[in-house]
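Hello,

Here is the structure we talked about handing over. Please open it first, then read the notes below.

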Amino acid sequence: MGVGREVSISLDGVRDKNIMQLKKLNIALFPVRYNDKYYSDALASAEFTKLAYYSDICVGAIACRLEKKEGGGQVRVYIMTLGVLAPYRGLGIGTKLLNHVLDLCSKQNISEVYLHVQTNNEEAISFYKKFEFEITETIQNYYTNITPPDCYVVTRHITPSPTKK
């Protein structure tokens, strides 16, 4: 990188015309193959599902699903995936993607965000802990065909942003 050169990181919503970019990223990033329901959920929650571009190259994404909490009408956000291609990590791209979702939750009075993280994924666990996520549960044998098969449920409770009068 040249000294003083500003590199732009931009986010774009996932739509039918760019969903293939999300599919290609997921193949490169994750040991799990995602089915059509994953992609239809990502499109249905397009406000929360974003592609990240680094100098116009698609290098990361966050895909979310809105869910109703058990026993009530409250909505929570499930982060299905968040990933950045290895050469582009450490540049604030994952932070920008996650902050986008956390800010939206605060503005929309969504009080909970959660995800599953494979128990040996220490990089992801420490990343989420920086954003005040906590391990709230361990699920044995959550994953099939990958080792270890266990995951943590990682949760963050969000304080709604104050409404302006």
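**The hairpin of strands 3 and 4**

Start with the hairpin that strand 3 and strand 4 form, with six residues between them. Gly71 sits in its turn and has a positive phi of about 75 degrees. Bear in mind throughout that this is a predicted model.

Strand 3 covers residues 57-68, and its pairing with strand 4 is antiparallel, over nine bridges. One pair to look up is Ile62, which stands opposite Leu82 in strand 4. Strand 4 runs over residues 75-84. How many of its 10 residues are buried? Nine are, so the strand is mostly covered.

**From strand 4 to strand 5**

Strand 4 also pairs with strand 5, residues 112-118. This pairing is parallel and has two bridges. Here Tyr78 stands opposite Tyr114 in strand 5. Helix 3, residues 93-107, joins these two strands in a β-α-β unit. The unit is right-handed.

**The whole sheet**

Now zoom out. The sheet is open and has seven strands. Their order is 1-2-3-4-5-7-6, and the pairing is mixed. Which strands stand at the edges? They are strand 1 (9-13) and strand 6 (134-139). Each has a single partner strand, so one side of each is left without a neighbour in the sheet. From one strand to the next, the twist averages 25 degrees.

At the strand 1 edge, the partner is strand 2, residues 50-54. These two pair in the antiparallel sense over five bridges. Gly13 stands opposite Lys50 in strand 2.

Two helices to view against the sheet:

- Helix 3 packs on the sheet and touches strand 1, strand 2, strand 3, strand 4, strand 5 and strand 7 (151-157). Its direction makes about 170 degrees with that of strand 4.
- Helix 4, residues 122-129, packs on the sheet as well. Helix 4 touches strand 4, strand 5, strand 6 and strand 7. Its direction makes about 160 degrees with that of strand 5.

**Helix 1 against helix 2**

Next, the helix pair. Helix 1 is residues 19-29 and helix 2 is residues 36-44. Their axes come within 11 Å and cross at roughly 130 degrees. That angle makes helix 1 oblique to helix 2. The crossing is right-handed. On the helix 1 side, Ile19, Leu22, Lys23 and Asn26 make the contact. On the helix 2 side, Tyr38, Tyr39, Ala42 and Leu43 do so.

Tyr39 deserves a click of its own. Is Tyr39, in helix 2, buried or exposed? Its relative accessibility is 8%, so Tyr39 counts as buried, the cut-off being under 20%. Leaving aside residues up to four places away in sequence, Tyr39 touches Ile19, Leu22, Lys23, Asn26 and Tyr34. For a sense of distance, Tyr39 and Pro149 are 110 residues apart in sequence. In space they are 23 Å apart, C-alpha to C-alpha.

Just after that helix comes another residue to inspect. Ser45 lies in the loop between helix 2 and strand 2. Ser45 has 6% relative accessibility and therefore counts as buried. With residues up to four places away in sequence left out, Ser45 touches Cys64, Arg65 and Leu66.

**Backbone points in the loops**

Last, some backbone geometry. Most residues other than glycine have a negative phi, and most peptide bonds are trans. Three places in the loops depart from that pattern:

- Asp56 is not a glycine, yet has a positive phi of about 70 degrees. Asp56 is found in the loop between strand 2 and strand 3. With 71% relative accessibility, Asp56 counts as exposed.
- Asn145 is not a glycine either, and its phi is positive, about 70 degrees. Asn145 is in the loop between strand 6 and strand 7. At 80% relative accessibility, Asn145 counts as exposed.
- Pro148 is also found in the loop between strand 6 and strand 7. The peptide bond leading to Pro148 from Thr147 is cis, with omega near -5 degrees.

Best wishes

Terms used
Residues are numbered from 1 along each chain as its sequence is written. This is a predicted model: local features need pLDDT of at least 70, side-chain atom pairs count only at pLDDT 80 or more; totals for chains, interfaces and linings use all residues. Side-chain values use heavy atoms; hydrogens and water are left out. Buried means under 20% relative accessible area, exposed over 50%, partly exposed in between (1.4 Å probe, protein chains only). Helices (H or I, at least four residues) and strands (E, at least two) are DSSP runs, numbered from the N terminus. Two strands pair if DSSP finds at least two bridges between them. A crossover is right-handed if, with the strands pointing away from the viewer, the path from the first strand over the helix to the second runs clockwise. Axes are lines fitted to C-alpha atoms, for helices over the stretch in contact, and angles run from 0 to 180 degrees between N-to-C directions. Contact means heavy atoms within 4.5 Å. Angles under 35 degrees count as roughly parallel, over 145 as roughly antiparallel, 65 to 115 as roughly perpendicular and the rest as oblique. A crossing is left-handed if the near helix is turned anticlockwise from the far one by less than a right angle, and right-handed if clockwise.
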